Amino acid sequence: MSTETMATRPVVDAARIRAWLPKYGVYAAIVLLVVYNIFFTPYFATWSNLRIQLIQVAPIVIVALGMALVIGTEGIDLSVGSVMALAAAFIPLYLGYGVVAAILVALLAGVAVGLINGILVARVGLQPIVATLALFVGGRGLAVVISEGKLVDIRNADFLYLGSGDLLGIPVLVWIAALMVLVVGFVVRRTVFGRRLLAIGGNRPAAELAGLPVKRVLITVYVVCAVLASIAGLLSVARIQSSDASSVGLLIELSAITAVVVGGTPLTGGKVRVLGTVAGALLMQLVIATMIKHNLQPSTTEMVQAVIILIAVYVARERKTR
Amino acid sequence: MALLEVVDVSKIFPGVRALDSVSFTLQPGEVHALVGENGAGKSTLIKVLTGVYKPDGGELRYQDEAVQFGTPMDAQRAGISTIYQEVNLVPLMSVAQNLFLGREPRNALGLIDRGRMDREAREVLAGYGVTTDVRRQLGTLALGAQQMVALARAVMIDAKVVIMDEPTSSLEPREVQTLFGVIRELHAKGIGIVYVSHRLDELYEICDAVTILRDGKLVHTGKLADLERIKLVSLMLGRDMAEVRREGATAFSGSATGDEQAAPVLRVRELNSRHKLHDVTFDVRPGEVVGLGGLLGAGRSETVKAVGGAYHLDSGTVEVDGKELKKPTPVRAVRAGVAVQPEDRKAEGIVPGLSVRENIALAVLPRVSRGGFVSDAKIDEIVDKYMKRLRIKASSPDQAVGDLSGGNQQKVLLARLLATGPKVLLLDEPTRGIDVGAKAEVQSLIDELAAEGLGVVLVSSDAEELIEGSDRVVVLRDGVVVGTLTGAEVTTEDLMSTIATEAPREH
Amino acid sequence: KSEDDGTASSGAAAPSAGAQVVQSASAGGPTCTLDQYGGTKIDLKTAKVGFSQSEKEANPFRIAETQSIKDEAAKLGITSLTTTNANSQFNKQISDVEQMIDSGVQLLVIAPLNSDGWDSVFAKASAKKVPIITIDRKINATACKDYLTFIGSDFAEQGKRAADEMAKAMGNKGKVAILLGSPGNNVTTLRTSGFKDQIAKIAPDIQVVFEQTGNFSREEGQKVTEQLLQSNPDINGIYGENDEMALGAITALKGAAKKAGDVKVVSIDGTKGAVQAIVDGWASAVIESNPRFGPLAFETATKFFGGEPVGQDIIIQDRQYGTDNAKTDISSAY
Amino acid sequence: MTMTNVSGPETPAIVAEDVRKAERTDRIVGTVQRQGALAVLVVVVLIALATFPNFRSFDNAATILVAAAPPMLIALGMTFVIITGGIDLSVGSLYVLGGVLAAWASQYGVLAAFLLPLAVCGAIGLANGVIIAYTRMAPFIVTLAALLGARGLMRAISSEGSETYLVQSDAFRKLGNGSFLDIGYQVWLVAALVLIGIVVLARSRFGASVYAVGGSEDAASLMGVPVRRTKVWVYVLSGLLAGLAGAINAAKLGSGVTVLGVGMELDAIAAVVIGGTLLTGGAGTIAGTIAGVLLLGVIQNLINQVGNLNSNWQQVISGAFLALVVVVQTYLARLRRVT
Ligand SMILES: Nc1ncnc2c1ncn2[C@@H]1O[C@H](COP(=O)(O)OP(=O)(O)OP(=O)(O)O)[C@@H](O)[C@H]1O
Ligand SMILES: Nc1ncnc2c1ncn2[C@@H]1O[C@H](COP(=O)(O)OP(=O)(O)OP(=O)(O)O)[C@@H](O)[C@H]1O
Ligand SMILES: O[C@@H]1[C@H](O)[C@H](O)CO[C@H]1O
Ligand SMILES: [Mg+2]
Ligand SMILES: [Mg+2]
């Protein structure tokens, strides 16, 4: 824990590393992993490999962005996987009315879930984890009921373009995720909404007394998170070229929370690290990819992930003086 | 033989030397006053004595032996019992459980004997005038009663030392008398008592010895009876006695600035809130500083918050500049020109993780933005203006507010309020917990603002500050306005007598 | 054998197209009778029957399986059929089945999620002498004692046939990857060993370079294949232990800009989608695993309650789809 | 401990009339809040008894109880953790790990079949507790890592889940399927542990510490409660109970099934919350948790009774119940604060 005993070595170094690690540790870990792979994993340093990693991580990144915003308000959203399932369930039902209609309905499902979560949190005053647990449990059930549990193949080429098309040589999916990163990054840094969100997470009573529209901001945050999740849901459908409400986004809430936290956003709110979140998601994705490429099995992957999470959160933890 | 002794202890917090080689000795059977201004280091010293903090230097001796308490439990086991400044009990647990936590009576099976525990709790508490159902959640008790539970808990164990950090700050006068009764009994038993309080009368009533801290340093220790009051104050403040006599203890100019003829900028009418406020009514004219006086628990904070739309009212109206504030919420209040500085800066004021800039701009974001996007240029303009005007000391506007000193935090908070361009400013304990220099600055700022035509409501537990700072003082007791001091009546004596007059209880 | 069933499943155009046929080989195996098993004669029509489905019905295999049971029961005039779905939660399947036993079912048809872990169900069922027919996946226990009989495919044989087709498609050499089914059941185990053993035997120049689980799910099949194609761009064949994973793999192949036939895909189940993939040139062969258990299950039960001996292991014949017959036979896919 | 007998001078009572009335309302509302899940459970069961003939059988009740036994143990541990203001996401993984270990160890006898899972899962709980108590890392994250780690460990010892160890000891198997008075042994075991849990939580110093730590960590530590030790112990307890739940389930199933337990932590949390325990810590009861677990079990049972109702409705209805119960509790709690 303490490096005080290393008095003989220049203390500055230890202190500097201590200040540096929490902020940039996750990027350093990515670099390490990439370097390892470049040397030890055949065909790793290829454009097509990068492409696949980005495609696979895109839905998680999108969900994690919303999660980061929610966590920034000192909340948490367990229902994101269920939102993805709901979005997935609606797509085949409404694709007959056109791609736009189907997407709109899927997004509306997100808005609805977000409103319920937001109202339960902001107005009823439930703890976020409890409020969103209800829809975590019930939302997927509803999605499966709506889709009658069936996997439906999607053949609408326009819609599939979202999941498998390219634009300027880069997958549409990745463009969309990148766009979301930019938008969310911009929102957090540059908008009234972003500042308010951070203030609420940093000190809710203070934000209330300062006259901020706390409830409205909170509800909006949950809606944004759910809408991002429904975007991830419909993109997943487009990518897998089929809608399976029972499996899409299963356990993604844990992956998203992991990405956010590994990326240096504290669960205690008041801070959102957008790029860190992307890096957190990417790190976990690279771990999985590395394992699979070396034909290592899930047992190893999971244990390595556990260790990485612990280290990441340990170095980034808020040090209290008490 | 000294009972408890610290020699040259230091304690450093990031940015603050809270204790700077302080020594302190407590004799058996002595009631030892520990005094000093807010932030002088009293609570820190106590926490060092009781194993909450490890000192960064110095030695702790108990009954002539060097000791080191790892945890409060160790200190407690050794016979040092403490009532901390903030009531430190568990609100969700029952009164009896709080009283006995960690030393519950147990039956033959080693299980807690609930019946006996409740019975004993009832008996013990009755001795302190608390006759409530001891199975009730502690949090549902009045603050004073909670403090009595904490006291009973501290005294119940076989203590040799009892430390009390501002035990009377949430007690009613009769509860204070109960407390003094307890202290005298302890004293008679030869138990050493460390007593922290800002109330001089109390100190002179029950203490034998005194130790004065200022800015973490020991400035005086000795018999209390040998120390003149005015000398004590000047030692505490670190100012020349003559100066204290001449100028008063504060930086207020003392000249009234309000225009007697002007229409009130704030009209508060018959605020009612169950158990807390009863028909609270008063006016504030532009340029006037209206003090809210009263003891702790009088309802001053509630009044201030209610005006700011942050406290639930059963009835009553608030008018700003002649317009009624309908269905008040903080959002509407801010919009109407009401700015409230809450009492608890840390919990309700600053957002510690955000920068100075963002904290200052927080309440005016819509004004410094277009279409939801904030404009840095506009923010910089405001931030710059107020950082200069309030002389906020920060390494840069991007420094996190949580890293600033208390005084600067308070100034940032004031900057945020002023940035909203308020018509009325309500300040609840604006100088609590900030150092002397910052305190003076804040006080003269209040004067300046009033001079510029703002209506100011000032709440302060510091009687001198209230008296010297206010043009008029509205005195509250138990949520009722019991009097208003104007003109020449604005004196400490009048304040005290108004607070002390027995008013008929209406609720 | 009944010829006139099969109106059941979604895809069965010709009535007889999809019906299960028992392998003649298994006819000679050990049998079980009502006397041996214990219990009483009952009329199936008025009997309470319970069917426990294991997995969510996202997989056409599961849809066809459940539908076949329901349709056949309706056809036979069985009025009291209870069906449950455990949504892939094993403990839920156990309590689903136990609850059906409590409610007095007289025949249980179970599509088990896991091959082990049925002790408590057996204890309960045997106390009440409720015969259990397990379909599709086998339970590791004693036939005619713990349960009545197993109806299903010869999974090792399926793996072996898949290996034959794979070897043929790959020209007996190259690198192959296996997308494993979900762990813990005999289907996955046998389809893996059957395939590997046969490859080793007939095509030693084919190397199995990669094995990862895709949990019988399309999405996971796709994800794993995407990684596989990056780390092993020279892969020549992908063996999917079910069609869903293979379809996911094909999506991945398309995404990696492979052309149809670049990588040979062989899988097991016989879903419409997979057979269509053969027609489209993306897959080389599909070994059927016929999920239409209804007719055979109830026929077996009828015989059993009628006092006739029934086989302890009723192994069905599975057809096979290849480039030669995919187009014409797609109607018998489900 | 002796008491310094100090009594203050005679002072008038601080308590006024309306406060007495408030006290009574407070107690009633508090009871409803605490026993809400029980009340809902009773209502649901009564309706079910009237509506579904199959629900009425003794066997059905016994089946519900046996099926609820492992989740109950897990929720029991979770209740302790949540009352301290923590959370334990690793229990689902520890449950499946415990089952696999028990089945494997049963070749060395009944004792081994219990001891091995208890030792391993207890150790992982200990690791959780120590990290949480001494580094102040968020319980959510620490136990999330443990969720992954423990599942990885389970896969590692079972050839990625494809190897299922069979229970080798008849005595151990008997524990899983035998019964006393027609009620499964597990139910008796769980009942006994629940009773012990209730007594420990309500009547032991450790229990008092658990409430104190969750109620106010700072106050607890100033009052001399061993905060860290208490935290460590609740996670050890949670790990032990999850491992034990896995073991008794393995005894029942006769094997160390590897495909279990995904999402079980959230079910347990849901049950605890429905049972009236505050996720913020400091308040809650085991009786409530038991009612919460049974309520979820009964809902599942009833959905099956409603003939061929899509089993996915179970999720929908459970989610709705969760929301309903929690919202009502929140309003009651608010009512309480106002009085
Ligand atoms: N945990 C802490 N971290 C950082 N600084 C602290 C901490 N506790 C106290 N301080 C600082 O140490 C100094 C002494 O504080 P302390 O609470 O001991 O003062 P005090 O004399 O008790 O004041 P008061 O009369 O307001 O209670 C102050 O500047 C305070 O801000
Ligand atoms: N957290 C609390 N819990 C219970 N009662 C409280 C609490 N805070 C205040 N009270 C009670 O509310 C009443 C009014 O308190 P309030 O804080 O408004 O007093 P005040 O006049 O503002 O005093 P101060 O100068 O300390 O701010 C008192 O009876 C007090 O005991
Ligand atoms: O045999 C079947 C199928 O191949 C199916 O796709 C999944 O479950 C297995 O049991
Ligand atoms: Mg203090
Ligand atoms: Mg106040």
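Me: Why is the meeting of the side chains of Arg239(A) and Glu226(C) called a salt bridge?
Reply: In this predicted model, the distance from N to O between the two side chains is 2.5 Å. The definition asks for a side-chain nitrogen of Lys or Arg within 4 Å of a carboxyl oxygen of Asp or Glu, so the pair of Arg239(A) and Glu226(C) qualifies. Across the interface of chain C and chain A, the rule finds two salt bridges.

Me: What makes up the side of chain C that touches chain A?
Reply: Strand E9 (206–213), helix H7 (218–231) and helix H8 (243–255) of chain C each supply at least two residues. H7(C) gives the most, with eight residues. By class, this side of chain C holds five nonpolar, eight polar and eight charged residues.

Me: How many residues does each chain bring to this contact, and how much area is buried between chain C and chain A?
Reply: Chain C brings 21 residues and chain A brings 30 residues. The two chains bury about 2,300 Å² between them, with 47% of it on carbon and sulfur atoms. On the side of chain C, the most area is lost by Arg218(C), Gln227(C) and Gln230(C), together 27% of what that side buries.

Me: How do you know whether chain B and chain C touch or stay apart?
Reply: Contact requires heavy atoms within 4.5 Å. The nearest C-alpha atoms of chain B and chain C are 37 Å apart, and the two chains do not touch. Of the five pairs of chains in contact, chains B and D share the most contacts.

How values were computed:
Residues are numbered from 1 along each chain as its sequence is written. Chains are lettered from A and ligands numbered from 1 in the order in which they are written. This is a predicted model: local features need pLDDT of at least 70, side-chain atom pairs count only at pLDDT 80 or more; totals for chains, interfaces and linings use all residues. Side-chain values use heavy atoms; hydrogens and water are left out. Buried area is the accessible area (1.4 Å probe) that two parts lose on being put together, summed over both. Helices (H or I, at least four residues) and strands (E, at least two) are DSSP runs, numbered from the N terminus. Ala, Val, Leu, Ile, Met, Phe, Trp, Tyr, Cys and Pro count as nonpolar, Asp, Glu, Lys and Arg as charged, and the others, Gly among them, as polar.
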